[in-house]
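Biologist: Could you take me closely through the open sheet, strand by strand, and then place it within the chain as a whole? I should like a connected account rather than a list.

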Amino acid sequence: MSCLFWYPGHELLVEDIVRAEGCSVWDARGKRYVDLESGVWCASIGHGNPRVLRAISEQGAQIAHAGFNYSCAIVEEAAREVLSLLGFDGGRCVLLCSGSEAVEYGVRVARMSIDRSLLLTMADSYFGAYGSASRRDASEWFLFDWFPCAECARTEECDSSCERWAAVPWDRIGGFLFEPGSSSGLVRFPPERLIRSIAHAVEESGGLFLANEVTTGIGRTGKWFGFQHYGVHPDIVAVGKGIGNGYPVSAAAFARGIGKRLAGREVKYAQSHQNDPLGAAVLIEVVRVIREEGLIERSMEISSALAGGLDKIRERTGRIREIRARGLMVGIEIDDDPDNSRTIRTHRELVRRGFLVGKRPNTNVLRLDPPLTISRAEIDSFLAAFEKALG
Ligand SMILES: Cc1ncc(COP(=O)(O)O)c(C=O)c1O
């Protein structure tokens, strides 16, 4: 009997996880599992990465946490690192503790910088556990259903000759909050033409482009950031999850122009662990490991092996409806009945065989977001187990 509140809708599949290293976790009985979900898509460079552990230990021994009236050089260094990854010269950054918080901070700053009431976002996006982005009040958000646009044959930019586009209240839209690959369990990637058209319309009207890179950032999709697949240039970017490799650090970053818009006004947001040196040290080390070990380039090789293997399983079994993948962010849509029974069975069977994959409640999609460090042998053993589990 647990005294914890549990994650809504999620089954408890493995009791008493006691240890993790690289792409493996072990339970108390010594059974090993290959973690193809990186926890909740966080352990980007593998559990217990030795360089990150060393950074935690060294920074922790110096100073883990400071306070509202003090500065630390390492926090400045982490902020500079994030801004430099984004090409935000002369911009600003704040370190926070979760993806939800980074998105919320970005949205607050955006709303301080625009004079229109609505932010546009995709109807199926996820932005976090709390804050205005999770409430999605119609007085603050316009939700755009892009699914029909995926079938659109048009090649030129979207405009008001399209009734879906014309239905958007553009005169009230002050910005666009974009998740470059919907992670609401289903792994869908909105079409480039639509995203560029929205980015263009927002920019023309003096609005802001916010990218939620909490899941898609830090190499998950084969580039440092998911928006880089779209040829767009955001003004505000939220990162989380993978940037801490399991340690709770996140960041909201702002291009130089945002500072000008704020014109010296303070952002009224402060919490105890904002700009903590320990989180800063973790962030810096994670970015260095990814860069120095060429993990994004490497992940693309693994990604094609994974996609190729999944395609073959689809052909052989006929039990996969669609595979959606960008880099190491993969959704496998199972050909299933409305009760998702095959997906549930496959998920449980994979766990029994020692493979952890993601499954959101009430969906027929299995999700893979393995650490960028996953080996070809681990991918191959997963593919073999998956084909058996599907059967
Ligand atoms: C796209 C996206 N944004 C924001 C969040 C919220 O991040 P966190 O759970 O770290 O608060 C998540 C979490 O899954 C996410 O997938």
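**The open sheet and its setting**

Modeller: Strand S2 (residues 24-27) and strand S3 (residues 32-35) run antiparallel and are joined by 3 bridges. Within this pair, valine 25 has tyrosine 33 of S3 as its bridge partner. The model is a predicted one, and every value here is computed from it. Strands of a sheet pair through backbone hydrogen bonds, in either a parallel or an antiparallel manner.

The pair S2 and S3 belongs to an open sheet of 4 strands, ordered S1-S2-S3-S13, in which the pairing is mixed. Strand S1 (17-21) and strand S13 (355-356) form the edges; each has a single partner strand, so one side of each lacks a neighbour in the sheet.

The domain assignment comes next. It gives domain 1 as residues 17-49 + 294-390, and domain 2 as residues 51-292. A distance of 26 Å separates the C-alpha centres of domain 1 and domain 2. Each domain brings residues to the contact: 27 from domain 1 and 27 from domain 2. On the side of domain 1 that touches domain 2, the elements that give two or more residues are helix H1 (38-41), helix H10 (295-317), and the strands S11 (320-326), S12 (329-334) and S15 (365-368). Helix H10 gives the most to this side, with 5 residues. By class, the residues of the side of domain 1 that touches domain 2 are 12 nonpolar, 10 polar and 5 charged.

As for the chain as a whole, it has 12 helices and 15 strands. Its radius of gyration is 21 Å, close to the 21 Å that the globule rule gives for 391 residues, so the chain is as compact as a globular protein of that length. Along the principal axes, the C-alpha atoms fill a box of roughly 60 × 60 × 45 Å. Of the 391 residues, 46% count as buried. Among contacts with a separation of 6 or more, 74% are between residues 24 or more positions apart.

The ligand completes the account. Around the ligand there are 15 residues, of which Ser98, Gly99, Ser100, Gly128 and Val214 come nearest. Helix H4 (residues 99-113) supplies the largest share of this shell, with 3 residues. By class, the shell comprises 5 nonpolar, 8 polar and 2 charged residues.

Technical notes. Residues are numbered from 1 along each chain as its sequence is written. This is a predicted model: local features need pLDDT of at least 70, side-chain atom pairs count only at pLDDT 80 or more; totals for chains, interfaces and linings use all residues. A residue is near a molecule or strand if its C-beta atom, placed from the backbone, lies within 6 Å of it. Ala, Val, Leu, Ile, Met, Phe, Trp, Tyr, Cys and Pro count as nonpolar, Asp, Glu, Lys and Arg as charged, and the others, Gly among them, as polar. Two strands pair if DSSP finds at least two bridges between them. The radius of gyration is taken over C-alpha atoms; the globule rule is 2.2 Å times the number of residues to the power 0.38. A residue is buried if 20 or more other C-beta atoms lie within 10 Å of its own, exposed if 12 or fewer, and partly exposed in between; C-beta atoms are placed from the backbone. Two residues are in contact if their C-beta atoms, placed from the backbone, lie within 7 Å. Domain bounds come from an automatic or database domain assignment.
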